[in-house]
Amino acid sequence: MKYFKSPYRLLPVIVLMLICFNLTGCAKTYHGIDALMEKARQEIPISDADTIEIQYAGMCGEDNKAIVWYISGDEYQAHYYLPMEVEIKGNGANYTFIHTYKPMTDRCSDVAVVNWHQGYAFLINNPKVAKVQITLQNGEVTEEVVQEIPYTFYVPSIPSEYVCLGAEGNEVQ
C-alpha cells in the first residue's frame, strides 16, 4: 500500500485502466441501414461524400458478419462501390462497423468484388449481367443467377476464376 500513497504513482494505473476500458466493446451500434448509411458517408473516399447520392445496394455474408454494399452517384455520375464489413447485432437491424474495403472493379463494368473471410463478396450493378460463372479452386463450376440489380452475394471460398455472363451466355465486359 505504500506505493499508492502518492497520488502521482496512482495516475499511471488509472490511465492504463481507462485505456483498457476504451478498447473493450465500446464500438458504436448503428440502428438500421439508414444510420449505417451515415457511416458510409464518412468512409467513402470521394470529395463530395456529404452531398452525393448514396444508395444501399445489399448485404451478403455469413454468420453474424456481413459486407454491406453502398453505391455513390446517380445515373449521370460515375459510381463508387463501398463495401463495409459489419457485425450484425440482436434481431438483425443493428450493426457494428468493423472495416471498409477497397473493391476490385476491373473485371467487368459496374461489378465490384472484395476478398473477404477467405471468400469473395460480389456486387452486381450491371443490368447486362444475367449470371456469374464461378470456377472454384477444386475445378467445380457453379453459377449465381442475378435476381435483380443491384445484386449481392458471397462465395465462401476464393474462386480461381469468375466470369460475368449475359442472357445469351456471352461474357460481359
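In this predicted model, the loop between β6 (111–116) and β7 holds His117, and Gln118 belongs to that loop as well. Both residues draw the eye through their backbone angles. His117, although not a glycine, has a positive phi of about 50°, and for Gln118, likewise a residue other than glycine, phi is positive and near 60°. For context, most residues other than glycine have a negative phi, and most peptide bonds are trans. As for their surroundings, His117 is partly exposed, with a relative accessible area of 34%, while Gln118 is exposed, at 64%.

A further backbone feature appears in the loop between β9 (141–145) and β10, where Pro150 is placed. The peptide bond joining Ile149 and Pro150 is cis, with omega at about -5°.

Turning to the interior, the largest nonpolar core comprises 18 residues, of which Leu36, Ile44, Ile54, Tyr70, Leu82, Met84 and Val86 touch the most other members. At least two residues of this core come from each of α2 (33–43), β3 (65–72), β4 (80–89) and β5 (94–100). Leu36 offers a good place to begin looking around: leaving aside residues up to four places away in sequence, Leu36 touches Tyr30, Val68, Tyr70, Met84, Val86 and Tyr95. Another core lies apart from this one and has 17 residues, including Val111, Tyr120, Ile134 and Cys164. Such groupings fit a general pattern: in soluble globular proteins, nonpolar side chains tend to be buried together.

Aromatic rings add another layer to the picture, with seven aromatic pairs in the structure. One of them is the stacked pair of Phe122 and Phe153, whose rings are 4.5 Å apart centre to centre, with 5° between the planes. This pair links distant parts of the chain, since Phe122 sits in strand β7 (residues 119–124) and Phe153 in strand β10 (residues 151–155), 31 residues apart. Phe122 and Phe153 are both buried. Ring pairs also connect these two phenylalanines with Tyr120, Tyr151 and Tyr162 in a cluster.

Tyr162, one of the residues in that cluster, has a charged companion too: Arg107 lies over the face of its ring, at 4.2 Å from the ring centre. A further arrangement of charge and ring involves Lys39 and Phe97, with the charged end of Lys39 over the ring of Phe97 and 4.6 Å from its centre.

Key. Residues numbered from 1 in each chain as written. Predicted model: local features only at pLDDT ≥ 70, side-chain atom pairs only at ≥ 80, totals over all residues. Heavy atoms only, no water. Core = buried A, V, L, I, M, F, W, Y, C linked by side-chain atoms within 4.5 Å. Buried < 20%, exposed > 50% of the residue type's maximum accessible area, 1.4 Å probe, protein only. Helix = DSSP H or I, 4+ residues; strand = E, 2+ residues; numbered from the N terminus. Contact = heavy atoms within 4.5 Å. Phe/Tyr/Trp six-rings, centres within 6.5 Å; stacked < 30°, edge-to-face > 60°. Lys NZ or Arg CZ within 6 Å of the ring centre and 35° of its normal.
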